[in-house]
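Subject: Structure for your review

Dear colleague,

Please find below the structure that I am handing over to you. My notes on what was found in it follow directly after.

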Amino acid sequence: MRYALLSDIHANLPALEAVLEDLRGRAGIDAICHLGDLVGYAPWPNEVVALLARLGIPGVAGNYDSTVATGYEHCGCRYEDPAQEALAHESYAWTRGHVSPETRRALAALPFRLDLRPLGGHRAGPRLVLVHAAPTLNTLYWTADRSDEFCLTMARHAGLAAGDVIAFGHTHLPWHREVGGIHFVNAGSVGRPKDGDWRAGYLLLEVGDGRVRMEVVRVPYDVERAVRGIRESALPDALAEYLRAGGAAQGTPR
């Protein structure tokens, strides 16, 4: 099975549309799934959620999705300084005030985790587990510098064995590691990359008999349309510059 995994779209409709167009030009994609954080930081939360629903793309709840759905006091994001915290609170307040009742219900209905059987549930074989951040919490930052021991602890929480794959996002930085025959993979971010590359990112993942192959794909999109959309809304302008810089801008929430 070949999967396309889209994580952390963050209400960036131009980036999502570019990724979907790229996927339409690729043969052999068996399924498209998302890894959550559909909303926040850009002005198209309703449009992004509606587009994924219209295309029947399943996925899991990110921290931004579950906090907006439940009316939590903040988005569960990480801040490095008071300026980042202020921007995050502004974005969260704007998003909560602009999602429709239909969008809120759709976000509330997202599962915490999805388990897939690439070879079918009628036979033994590898599993692909999808979560937003970690199998314990969707706010935990599982970065590439986490130890092998940490990865195996998360694998135990998820009930994984050698040959299985767990895919997640949340940090907006793609990476892959194999520990004890288990594959741990971060799909990066469609709508808000943080690696200095402004292009939308997603993951192609192939899981089959004894093999796991993956490719991080980067797709140019109309970032100036996204910049205009943010500036024409009441969202902070710093969020627009962050998109242009691919996360290299300072003073914006992580």
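The chain exposes about 10300 Å², an area obtained by the Shrake-Rupley method with a 1.4 Å probe, where for residues only the protein chains shown count as cover. Carbon and sulfur atoms supply 51% of this exposed area.

Please note that this is a predicted model, in which local features need pLDDT of at least 70 and side-chain atom pairs count only at pLDDT 80 or more, while totals for chains, interfaces and linings use all residues. Residues are numbered from 1 along each chain as its sequence is written, and side-chain values use heavy atoms, with hydrogens and water left out.

Overall form

The chain contains 8 helices and 9 strands; these are DSSP runs numbered from the N terminus, with helices (H or I) of at least four residues and strands (E) of at least two. Its C-alpha atoms fill a box of roughly 50 × 40 × 35 Å along the principal axes. The radius of gyration of the chain is 17 Å, which agrees with the value near 18 Å for a compact globule of 254 residues. This radius is taken over C-alpha atoms, and the globule rule is 2.2 Å times the number of residues to the power 0.38.

Of the 254 residues, 56% are buried, where buried means under 20% relative accessible area, exposed over 50%, and partly exposed in between (1.4 Å probe, protein chains only). Among contacts (heavy atoms within 4.5 Å) with a separation of 6 or more, 66% are between residues 24 or more positions apart.

Cysteines

The whole structure holds 1 disulfide, a term for a pair of cysteine sulfur atoms within 2.5 Å. The disulfide joins Cys 75 to Cys 77, with an S to S distance of 2.1 Å, and both of these residues are buried. Cys 33 is also buried, at a relative accessible area of 4%, as is Cys 151, at 0%.

The surroundings of Gly 59

Gly 59 lies in the loop between helix H2 (45-55) and helix H3 (63-70). Is Gly 59 buried or exposed? Gly 59 counts as buried because its relative accessible area is 6%. Leaving aside residues up to four places away in sequence, Gly 59 touches His 34, Leu 110, Pro 111 and Leu 114. Tyr 242 is 183 residues from Gly 59 in sequence, and the two are 26 Å apart in space, C-alpha to C-alpha.

Yours sincerely
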